[in-house]
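The following note is offered to a colleague who is meeting this structure for the first time. Please read the numbered points alongside the sequence and the model.

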Amino acid sequence: MEILKRPRRNRLNSNIRDMIAETNLSMSDFILPVFLCEGQNKKIPISSMPGCYRRSLDELLVYLREVASKGIPAIALFPQVSESLKTAYAEESFNPDGLIPRAIYEIKSILPDLLIVTDVALDPYSTSGHDGVVNEAGEILNDVTVEILEKMALMQARAGSDIIAPSDMMDGRIGAIRNTLEKANLYNTQIMAYSAKYASAYYGPFRDALDSAPKSGDKKTYQMDYRNRLEAIREVKMDIEEGADIIMVKPALSYLDIVREVKNVSHLPVAAYNVSGEYAMICAAAEKGWLDKDKVVVETLMSMKRAGANIVLTYFADQVDHLL
Ligand code: PBG
């Protein structure tokens with residue numbers, strides 16, 4: 001038989017492979033999530049996320065100089081809040097003297113160009129560990145929660161956060177936050193909406209890191225059901241109409257189909273969140289010597305770009321500069 005078509009010609013050597021590569025991964029694609037705690041001189045390892053730490057602000061500042069020098073353009077700040085500050089209505093979440101606003105001032109004073117993403121959700125601040133206010137019957141109260149989220153977003157934007165990232169999945173919060181920011185003349189503050197955030201067991205290590213697991217129940221009445229695809233499109237469309245600047249799909253790896261579909265229907269930048277459990281799986285297999293970590297990490301992050309993500313949130317961001 002005569003073979004007329006030989007796709008292998010385009011794979012003959014690395015020069016041609018690089019020239020025709022359809023996807024590219026670079027440091028400018030990343031947002032690095034970091035964990036912050038109270039106190040001084042603290043750098044506490046997170047056992048289910050090897051290589052990740054909970055840092056006090058002084059330690060975080062030292063680390064962030066290194067992060068910025070690697071070309072990482074943005075960080076996402078996640079606080080561990082002491083039990084004594086947690087309340088049913090999560091008032092600490094909009095305290096202008098709280099851990100997050102103090103961190104924003106300090107980070108901006110030494111690294112003014114590093115973009116700061118701040119999380120909007122009640123879970124680190126609420127006694128229940130839920131992203132919203134819980135009533136006696138165990139229901140999550142949507143509209144009461146949205147009012148608190150507005151205060152939280154406003155406080156963060158005033159403190160200098162570049163990108164507000166509501167991860168709570170309450171209905172209507174993007175529009176409410178956008179309105180609040182506009183009224184306060186904070187029209188340059190971006191909103192990155194966790195639009196298609198699924199109720200996922202892959203968040204386990206993150207909840208260990210912050211002690212933020214729900215005390216009772218689960219998050220299935222607000223985070224999405226992983227059996228659903230069209231629902232993700234509806235959520236994304238609503239967040240776009242309500243004024244989001246960037247939309248997100250989370251988790252990433254088991255949801256690459258959603259990333260692609262969201263990319264195809266939206267004309268906004270899309271972010272994918274390579275979550276804590278996805279990080280932990282690769283680290284665990286690598287520790288056992290069962291996988292080549294460097295190669296698997298690059299392949300995994302590249303798959304998120306190929307699926308359509310413009311931005312990847314990943315705990316690997318500060319480990320891959322020498323690989324790209
Ligand atoms: C809280 C929040 C979570 C994550 C980011 N923001 C946990 C949750 O929803 O329970 C998870 C991130 C990760 O697993 O890496 N709203």
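**Points on the model**

1. Asn41 sits in the loop that joins strand 1 (30–37) to strand 2 (43–45). The model is a predicted one. Although Asn41 is not a glycine, its phi is positive, at about 55°. Asn41 has a relative accessible area of 62% and is therefore classed as exposed, the cut-off being over 50%.

2. A second residue with this backbone feature is Asp211, which is not a glycine either and has a positive phi of about 55°. Asp211 belongs to the loop between helix 6 (204–210) and helix 7 (230–241). With a relative accessible area of 46%, Asp211 is partly exposed.

3. The peptide bond that leads from Lys250 to Pro251 is cis, and its omega is near -10°. Pro251 is placed in the loop between strand 10 (246–250) and helix 8 (256–265).

4. The ligand is surrounded by 18 residues, of which Lys197, Arg207, Lys250, Ser276 and Tyr315 are the closest. Sorted by class, this shell holds eight nonpolar, three polar and seven charged residues.

5. Which side chains offer polar atoms to the ligand? Among them is Lys197, with a polar side-chain atom 2.7 Å from a ligand oxygen. In the side chain of Arg207, an N or O atom is likewise 2.7 Å from an oxygen atom of the ligand. For Asp131, the partner is a nitrogen atom of the ligand, at 3.0 Å from an N or O atom of the side chain. The ligand taken alone exposes 400 Å², and the protein buries 100% of that area.

6. Is Tyr198 buried or exposed? Its relative accessibility is 0%, so Tyr198 counts as buried, the limit being under 20%. Tyr198 lies in the loop between strand 9 (190–197) and helix 6.

7. Beyond its neighbours within four places in sequence, Tyr198 is in contact with residues including Tyr203, Gln223, Met224, Asp225, Tyr226, Asn228, Arg229 and Ala232. Lys250 and Pro251, the two residues of the cis peptide bond, are also among the contacts of Tyr198. The side chain of Tyr198 further reaches the backbone oxygen of Asn228 at 2.7 Å.

8. A distance along the chain may be set beside one in space. Tyr198 and Thr118 are 80 residues apart along the chain, and their C-alpha atoms are separated by 19 Å.

Conventions:
Residues numbered from 1 in each chain as written. Predicted model: local features only at pLDDT ≥ 70, side-chain atom pairs only at ≥ 80, totals over all residues. Heavy atoms only, no water. Near = heavy atom within 4 Å. Polar contact = N/O pair within 3.5 Å; in protein donor to acceptor, adjacent residues only side chain to side chain. Areas by Shrake-Rupley, 256 points an atom, 1.4 Å probe, with all protein chains shown as cover. Nonpolar A, V, L, I, M, F, W, Y, C, P; charged D, E, K, R; others polar. Helix = DSSP H or I, 4+ residues; strand = E, 2+ residues; numbered from the N terminus. Buried < 20%, exposed > 50% of the residue type's maximum accessible area, 1.4 Å probe, protein only. Contact = heavy atoms within 4.5 Å.
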